[in-house]
Structure formats: C-alpha cells, structure tokens
Amino acid sequence: MAERAALEELVRLQGERVRGLKQQKASAEQIEEEVAKLLKLKAQLGPDEGKQKFVLKTPKGTRDYSPRQMAVREKVFDVIVSCFKRHGAEVIDTPVFELKETLTGKYGEDSKLIYDLKDQGGELLSLRYDLTVPFARYLAMNKLTNIKRYHIAKDFDIAGQFDPMIPDAECLKIMCEILSSLQIGDFLVKVNDRRILDGMFAICGVPDSKFRTICSSVDKLDKVSWEEVKNEMVGEKGLAPKVADRIGDYVQQHGGVSLVEQLLQDPELSQNKQALEGLGDLKILFEYLTLFGIADKISFDLSLARGLDYYTGVIYEAVLLQTPVRAGEEPLGVGSVAAGGRYDGLVGMFDPKGRKVPCVGLSIGVERIFSIVEQRLEALEEKVRTTETQVLVASAQKKLLEERLRLVSELWDAGIKAELLYKKNPKLLNQLQYCEEAGIPLVVIIGEQELKDGVIKLRSVASREEVDVRREDLVEEIKRRTSQPFCIC
C-alpha cells in the first residue's frame with residue numbers, strides 16, 4: 001500500500017508538470033517527452049488506476065440552490081415579473097450562447113469576462129455576458145422597431161422611437177416599484193448621462209481615444225477613493241494630472257434637479273453640445289419622475305459612468321443604503337442591486353443597413369437580492385415554506401389507503417394542491433407532525449365513522465380546530481380557506 005501511495009504521488013506530480021509545461025507553451029517535443037513519462041507511471045499503477053476519483057463540487061462561479069433557496073428565488077421572481085407585466089411587457093428568450101462576433105467589442109473593458117466555448121460545427125461561440133446585446137441582435141434579426149419586453153425575470157427594455165424621457169422615466173419607476181415591493185431596505189437610484197460625461201471629458205481635455213477607458217475608471221468611484229481613480233487615470237492610462245484634477249472637480253458632485261440647473265449655467269459645460277443635450281433631457285426626466293412620485297429616490301450623480309460601451313444617453317444604478325453610524329452623516333451605498341440606461345446605437349451595429357432602433361432598459365441584480373433576502377430570513381430565523389401544498393389527506397385508522405388515494409385524486413382534479421404520506425397505514429400523529437413541519441395549513445382526516453356519515457373531518461393545523469364537512473362540499477370549503485396567496489414564510 002505504501003509503495004502504491006508513493007507511485008500515485010509521482011503520477012500526480014508528473015501530471016502537474018505536464019500541465020505546467022502546456023501553460024508555459026513549452027516545445028511540443030518537451031511536452032511529448034513528459035507525457036510519455038506520465039503514461040509509463042500510470043501503467044505501473046495497474047488496473048486500479050482506472051477508477052476515476054470524483055471531486056464533488058460545482059464549477060467555479062456556480063452554485064446549487066436548495067428547496068429553501070428556490071422558494072425565496074421564486075418569490076423574488078414573482079414580484080419582478082408581476083411588475084413587468086403590470087407595465088405591459090411581453091416576454092422573449094434567446095440562446096444562452098451567441099456567435100462570438102455578436103458579443104465582441106460591445107462591453108469595453110468587461111469583454112475579458114466573456115467565456116468562449118470550444119468550436120462546435122465550425123462556429124466560434126461564447127456564453128452571453130448579459131441580456132442586452134442578445135436583445136439588440138434579436139431586434140435586428142427580426143427587423144423589429146417597437147417592443148416592450150422582459151427576459152428571464154430580470155431584464156426589461158423598451159425599444160422604439162418615442163418622445164424624450166418618457167420610456168426612461170417608466171424604467172426608473174419600474175426599478176423603484178420592484179425594490180420597494182421586495183422590502184430589502186432603503187435605496188437610492190443614481191442617474192447620469194453618457195453625453196454629459198463625454199462633454200465633461202472633452203472640456204477637461206481628455207483625448208477622444210481615451211473617453212471610454214477613462215469612463216471605466218470613473219465608474220469605480222463607488223468602490224474606491226478619488227485618489228485611487230486618479231492614480232489609475234494618470235499612472236496606468238496616461239492622462240495628464242491637470243486633466244484628471246479637472247475631472248475630479250465634476251465627478252465628485254451629486255444632487256437633484258438643482259444640480260442640473262447649476263450645470264446648465266456652467267460657463268464651459270453649457271457650451272458643449274453633447275453635455276447640453278444630456279442636461280436638457282435630465283431636466284425633463286426629473287419633471288416626469290416628480291409626476292411618478294419617485295423624485296425623492298433619485299440622485300443626479302456625476303460619478304456614475306456604467307462601464308459598458310453601448311450606453312449612449314441616460315444611465316442609472318440603484319444602490320442599497322446603509323444606516324449612518326453618526327447623526328448628520330449621509331447614508332452609505334452598500335452595493336448595486338439594479339442598473340440600466342439608454343443604448344440607441346446597439347441595434348444598428350447588427351442591422352445590415354445600420355438602421356438604429358432607440359432602446360432603454362434596466363436589469364435587476366437578482367443574485368445580490370437573493371443573498372440579501374436569504375440573510376434577512378436567517379437573521380430573523382424565519383421559517384421558509386418550500387412547497388405550496390394546501391392540504392394533507394390523512395387517515396385516522398388502518399386499511400384506508402384506497403379512500404385516501406381516491407380523495408387525493410379528487411382534490412388534484414379540482415386544482416387543489418394536496419399530498420398524502422406514502423404509507424399504507426401511517427399513524428395520525430405522524431401525519432399531523434408532517435403538516436406542521438412542512439407548513440401545510442389544512443389536513444382532511446378520513447375515518448370509518450366519517451365514511452358512514454358521508455362527511456370528512458377538516459382540521460386547521462394552526463388552531464387545531466376540526467369541523468365535519470360533507471364530501472360534496474369539501475372542495476369549495478378548502479378553496480375558501482386557502483384563498484390567500486402563497487407566502488414563503
């Protein structure tokens with residue numbers, strides 16, 4: 001055994017050596033020589049080496065979801081989808097992977113996060129990075145110029161030529177409705193406009209070729225200090241220190257419509273055509289947000305950049321707020337939970353004739369929201385229901401399996417969510433305990449006397465109150481008692 005263990009260790013080390021040489025792109029001859037050594041060592045191990053050793057784990061960046069976690073996910077999805085439907089959205093779906101050329105050049109510095117797939121059938125493919133670029137491809141491919149859609153319970157977009165800022169305001173309204181309904185805490189929605197950013201970069205002296213890369217640096221201000229961002233601009237991206245300082249004077253400002261008015265009077269920014277257009281649209285946007293009753297949730301923040309290259313106009317991002325430790329301090333943002341913006345040029349990149357379809361949309365950060373909701377439920381030690389079962393069909397005596405099967409079938413056929421225990425003669429106490437553990441609100445109990453009298457005993461699990469209900473009235477009585485919507489707790 002000791003000799004075999006030593007040989008297995010040699011095989012492991014030789015395997016690591018081969019992998020290392022491949023990563024270092026060593027010569028083919030050298031790799032072949034080491035692979036031959038590895039095969040020779042494996043041959044010495046004998047037939048037992050053929051037994052594959054599995055590492056029980058999910059791939060990096062993925063996770064499993066337990067019944068409890070899925071109950072939370074579905075509840076969150078229900079809130080999001082009901083809001084999208086309330087605003088008149090249709091649902092579409094697109095493949096989980098796209099042609100690599102479809103995704104290339106659309107995400108700026110985030111392009112390095114795209115996962116390429118192995119060549120299949122002569123096509124170069126990549127996993128989709130978001131749902132916006134596939135949506136733009138879908139519009140161009142199907143020659144659509146007008147649609148309001150949602151996708152996988154997290155993305156919502158409005159495509160079409162409309163009057164300024166009306167669709168944009170609705171997207172912000174939807175974002176606020178969803179976050180308020182989910183009750184995950186106080187939040188703030190930051191808004192800005194890419195045209196204002198580009199105009200600001202221009203008057204500050206940023207070369208045209210550096211606009212997008214400097215934009216990506218500014219986008220990090222919600223995570224790191226201005227000094228760190230400035231060092232990146234100057235040290236890594238070659239921006240002149242004076243230019244960076246001028247940018248700093250602007251991007252550290254935030255406020256409401258009064259800041260928009262102030263910048264409209266800025267002697268330099270107001271002379272830039274792009275910035276002026278962006279500021280004019282933001283002024284209109286704040287008027288509509290006031291009418292929608294959400295202006296108090298919105299902050300015009302010049303540091304918001306949204307690193308993706310395809311944005312062309314208004315951009316926004318919702319962050320959860322942390323309660324200040326000291327009185328008088330501003331609430332701190334603790335992470336983005338939704339974001340979006342306008343991307344008027346993306347569809348034209350796919351259209352053979354370059355025809356543009358104006359679009360604006362939002363994406364809900366469902367994974368972060370799930371984590372927040374899970375943490376809250378754990379902190380409160382709340383019990384989560386993982387099924388929607390309304391009633392358990394139970395028996396009080398032995399030899400009543402046929403009656404239980406007959407009754408549960410009747411309930412299923414009537415659209416009632418029902419269960420029974422998979423035992424011929426389960427004890428009544430065990431059946432009642434199952435209801436309490438699973439959160440099932442009602443139990444119908446079949447007994448010999450009840451069968452003779454033509455009634456079924458209906459028991460409330462919470463109050464333990466029991467009533468006799470005539471067999472023909474049972475379905476309606478259960479429906480009446482379970483008319484409230486399903487809750488996860």
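## Exercises on a predicted chain

Asp281 counts as buried, at 16% relative accessibility. Keep that residue in mind while you work through these; the model is a predicted one.

### Exercise 1: Place Asp281

Work out which helix holds Asp281, which residues it touches beyond its sequence neighbours, and which side chain meets it in a salt bridge.

**Solution.**

1. Start with the cut-off: buried means under 20% relative accessible area. Asp281 has 16%, so it goes in the buried class.
2. Find the element. Asp281 sits in helix α12.
3. List the contacts, skipping anything within four places in sequence. That leaves Pro164, Met165 and Arg195.
4. Take Met165 from that list. Its C-alpha atom is 6.7 Å from that of Asp281, although 116 residues separate the two along the chain.
5. Now the charged partner. Side chains of opposite charge can pair when their charged atoms come close. Here Arg195 and Asp281 form a salt bridge, with 2.8 Å from N to O.
6. That pair bridges distant parts of the chain: Arg195 belongs to helix α7, Asp281 to helix α12, and they are 86 residues apart.
7. Check the other end too. With a relative accessible area of 15%, Arg195 is buried.

### Exercise 2: Wrap up helix α7

Explain why α7 can be called largely enclosed, and say what covers its buried residues.

**Solution.**

1. Count first. Helix α7 runs over residues 194-204, and 10 of its 11 residues are buried, so the rest of the structure largely encloses it.
2. Put names to the count: Arg194, Arg195, Ile196, Leu197, Asp198, Gly199, Met200, Phe201, Ile203 and Cys204 are the buried ones.
3. Look for the cover. Helices α8 (211-218), α10 (241-251) and α12 (273-291) are included, along with strands β6 (187-193), β8 (298-301) and β9 (314-322).
4. Inspect the ends. At the N-terminal end Asp193 acts as a cap, with a side-chain oxygen 2.8 Å from the backbone nitrogen of Arg195. After the helix comes Gly205, with a positive phi near 100°.
5. Try the same reading on α8. There 6 of the 8 residues are buried, so α8 is also largely enclosed by the rest of the structure. Its buried residues are Phe211, Ile214, Cys215, Ser216, Ser217 and Val218, and their cover includes α7, α9 (226-236) and α10.

### Exercise 3: Compare two more salt bridges

For Glu261 with Lys283 and for Glu410 with Arg471, say where each partner lies and whether it is buried or partly exposed.

**Solution.**

1. In the Glu261–Lys283 bridge, the closest N and O atoms are 3.4 Å apart. Glu261 is in helix α11 (residues 257-264) and Lys283 in helix α12, 22 residues apart.
2. Both ends come out partly exposed: Glu261 has a relative accessible area of 32%, and Lys283 has 31%.
3. In the Glu410–Arg471 bridge, N and O are 3.0 Å apart. Glu410 is part of helix α14 (residues 401-413), whereas Arg471 is in the loop between β16 (466-470) and α17 (474-481), so the bridge ties together parts 61 residues apart in sequence.
4. Glu410 is partly exposed at 36%, and Arg471 is partly exposed at 24%.
5. One more arrangement to spot: Glu9, Arg12 and Glu16 are joined into one network by salt bridges that share partners.

### Exercise 4: Two acidic side chains with polar contacts

Find the side-chain partner in a polar contact for Asp155 and for Glu177.

**Solution.**

1. Asp155 is in strand β5 (residues 155-159) and is buried, at 4% relative accessible area.
2. Its side chain reaches that of Ser363 in a polar contact of 2.8 Å. Beyond four places in sequence, the residues Asp155 touches include Phe84, Arg149 and Tyr150.
3. Glu177 is in helix α6 (residues 166-182). The side chains of Glu177 and His87 make a polar contact of 3.0 Å, and the non-neighbour contacts of Glu177 are Cys83, Arg86 and His87.

### Exercise 5: Step back to the whole chain

Set the radius of gyration against that of a compact globule, then pick out a nonpolar surface patch.

**Solution.**

1. A compact globule of 489 residues would come in near 23 Å, but this chain has 31 Å.
2. The C-alpha trace spans about 90 × 75 × 55 Å along its principal axes.
3. For the patch, take Val96, Phe97, Tyr115, Leu117 and Leu127, which together have about 460 Å² of accessible area. Phe97, in strand β2 (residues 97-99), is partly exposed at 38%.

How values were computed
Residues numbered from 1 in each chain as written. Predicted model: local features only at pLDDT ≥ 70, side-chain atom pairs only at ≥ 80, totals over all residues. Heavy atoms only, no water. Patch = residues over 30% accessible without salt bridge, like charges linked within 9 Å, V, L, I, M, F, W, Y side chains within 5 Å. Areas by Shrake-Rupley, 256 points an atom, 1.4 Å probe, with all protein chains shown as cover. Salt bridge = Lys/Arg side-chain N within 4 Å of Asp/Glu carboxyl O. Helix = DSSP H or I, 4+ residues; strand = E, 2+ residues; numbered from the N terminus. Buried < 20%, exposed > 50% of the residue type's maximum accessible area, 1.4 Å probe, protein only. Rg over C-alpha atoms; globule rule 2.2 N^0.38 Å. Contact = heavy atoms within 4.5 Å. Polar contact = N/O pair within 3.5 Å; in protein donor to acceptor, adjacent residues only side chain to side chain.
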